[in-house]
There are 2 protein chains.
Amino acid sequence: MALHFTQVTIIGVGLIGGSLGMILRRKGLATRIVGVGRRVENLKTAVELGAIDRYVIDPKEGVRDADLVVLATPVDTYERHLTDWASCLKPGAIVTDVGSVKGLLVEQAERAMPAGVHFVGAHPIAGKEKTGVAAGSDQLFMGARCIITPTKTTDQQALEQVRRMWQETGSVVLTMDAHLHDKILGAVSHLPHVAAFALINALAEIRDQQLPSLDLANHSGGGLRDTTRIAASSPEMWRDIFLWNRDNVVTFIEAYERSLGLLKQLIRAGDAAGIEKELERARQEREKLSTRPALTAQ
Amino acid sequence: MALHFTQVTIIGVGLIGGSLGMILRRKGLATRIVGVGRRVENLKTAVELGAIDRYVIDPKEGVRDADLVVLATPVDTYERHLTDWASCLKPGAIVTDVGSVKGLLVEQAERAMPAGVHFVGAHPIAGKEKTGVAAGSDQLFMGARCIITPTKTTDQQALEQVRRMWQETGSVVLTMDAHLHDKILGAVSHLPHVAAFALINALAEIRDQQLPSLDLANHSGGGLRDTTRIAASSPEMWRDIFLWNRDNVVTFIEAYERSLGLLKQLIRAGDAAGIEKELERARQEREKLSTRPALTAQ
């Protein structure tokens, strides 16, 4: 049977929610797409860009007739949202999300569902530094991975609907335990973001405290630009990711502190062989990454 | 008067030395270009690629008739090289280098010059992850910066010759104090390299110790790939850079450890406002980098 929803409601019509709406509309996968948000200007833009058919400000009204609700707001707002409108959902409705953290949030969302309503957690890994529906595109998810995180209690039909929706976006859909997702993304995505944010702040401190003639914009080359590119990402979004994946992120920062501390000690001691061994290990690991094309933007 | 050398001798015909040779030959800036190196295979390749006219294995023989000697070997070999052949240089000869560290090395090289021979330190900032003459190109330096680091005792005519040579490569040539060079490059280039090397090693440790299901190649996205791209750089070259710029690099790693530690404490404490403030500071600094095109590859 073809995938089709009578009403999809997107809560938070930004880069991800808006791009998903564009695809659902273009492919005729929903009879109507309703956007819910706080900023009317943004919702009007979303209508103009073809991301949604219409919008409402009150999420209770927005979700009432939805077959599928896509929660695409910052993860820190989930609890407030679900408390507000979960009781308004109709039986058989599916709620899914697009959050970058899953473990605790999936547990929380499942607990918040009324009887007969099904939650399926999902994480399309397709962010970029730009945010907002104006940066959206029906090509955003093409070739990117989308990780779906079912639990023991996940409804199989709901899972299948969400999986098929993400396949329609051109994503490579995979399934993973929600807590494993947070560990893996904590390592390959959240830790590099911490590293990039902290690096640019360290350089600003070096300039301000030690080296006033350092002009970061003029003196930096491609290495620094690449290394810190993701430090231009949304502070609000990453604040929430770090908070909601706190334990993993702190544990992984500590592993990073150790490897950084080791390299520092070797350099301080002038241990040429030791430094070279560390750098060679890094080079070999990094080369393995180069052998496959990047699947995702973030 | 047009820039012209009767003989240029390039010691170390790799990416940088070889690319410079290609340009000097193509532009007719030298009557003959002699390459010196340890590996005959590489020197033969350099002749085939038009980087040098001929080669010798013995540097003493190679430098004897040179007007200009370009020292393009790893910086850690400078002392050995200069001790070996500086006394063979003819009066009026110029020695220059292409090393990524300058302060102590420039002092060392100046001390090693016999009477009437002039040293001028230079650093063309145009590396890339690939090494070797086969990766060379007469376009390598186009638009890249080349920092020349004269001292109080630098011969003005020799300085002018080296400056003009680098201008001929298409570089943007600037002049800077050798020790200031090491501080600035230590911040904008060496520290990001430490960060990238240590990050990939931390991820390998996380995988090996805590998360065996972590497949770095399959799970990583563009963020990790960009953040660690420079970790694929030459371990030998970066070992030497870290050693020869040891004090600055250690000091800057410590600044990085502080900013990383601050972010960790804020995340551990669940301090949402504090985290956001740090990330916002990073985002603003990073945005300033984006407003100008990268001048260099490394």
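Visitor: How many residues does each chain bring to the contact between chain B and chain A?
Guide: Chain B gives 84 residues and chain A gives 84 residues. A contact here means C-beta atoms, placed from the backbone, within 7 Å. This is a predicted model: local features need pLDDT of at least 70, side-chain atom pairs count only at pLDDT 80 or more, and totals for chains, interfaces and linings use all residues. Residues are numbered from 1 along each chain as its sequence is written, while chains are lettered from A and ligands numbered from 1 in the order in which they are written.

Visitor: Which helix gives the most to the side of chain B that touches chain A?
Guide: H7(B), with 21 residues. Helices are DSSP runs of H or I, at least four residues, numbered from the N terminus. By class, that side of chain B has 46 nonpolar, 17 polar and 21 charged residues. Nonpolar covers Ala, Val, Leu, Ile, Met, Phe, Trp, Tyr, Cys and Pro; charged covers Asp, Glu, Lys and Arg; the others, Gly among them, are polar.

Visitor: What makes the relation between the two copies a two-fold rotation axis?
Guide: A rotation of 180 degrees, with 0.0 Å of shift along its axis, superposes chain B on chain A at RMSD 0.0 Å. The fit is by least squares on C-alpha atoms of residues with pLDDT of at least 70 in both copies. The copies are therefore related as by a two-fold rotation axis. In chain B, the C-alpha nearest that axis belongs to B:Thr227, 2.0 Å away.

Visitor: How do you know that the copies meet through the same surface?
Guide: Of the interface residues of chain B, 100% are also interface residues in chain A, so the surface is the same.

Visitor: Why are H4(A) and H5(A) called roughly parallel?
Guide: Helix H4 (78–85) and helix H5 (103–112) of chain A pack at about 10 degrees, their axes 10 Å apart. Axes are lines fitted to C-alpha atoms over the stretch in contact, and angles run from 0 to 180 degrees between N-to-C directions. Roughly parallel means under 35 degrees. H4(A) and H5(A) therefore count as roughly parallel.

Visitor: Which residues in H4(A) and H5(A) meet?
Guide: A:Tyr78, A:Glu79, A:Leu82 and A:Thr83 in H4(A) face A:Leu105, A:Gln108, A:Ala109 and A:Ala112 in H5(A). Five are nonpolar, two polar and one charged.

Visitor: Where do the domains of chain A run?
Guide: Domain 1 spans 5–176 and domain 2 spans 180–290. The bounds come from an automatic or database domain assignment. The C-alpha centres of the two domains of chain A lie 32 Å apart.

Visitor: How many residues of domain 1 of chain A are in contact with domain 2 of chain A?
Guide: 15, against 14 residues of domain 2. On the domain 1 side, H5(A) has the largest share, three residues.

Key: Two residues are in contact if their C-beta atoms, placed from the backbone, lie within 7 Å. Helices (H or I, at least four residues) and strands (E, at least two) are DSSP runs, numbered from the N terminus. Angles under 35 degrees count as roughly parallel, over 145 as roughly antiparallel, 65 to 115 as roughly perpendicular and the rest as oblique.
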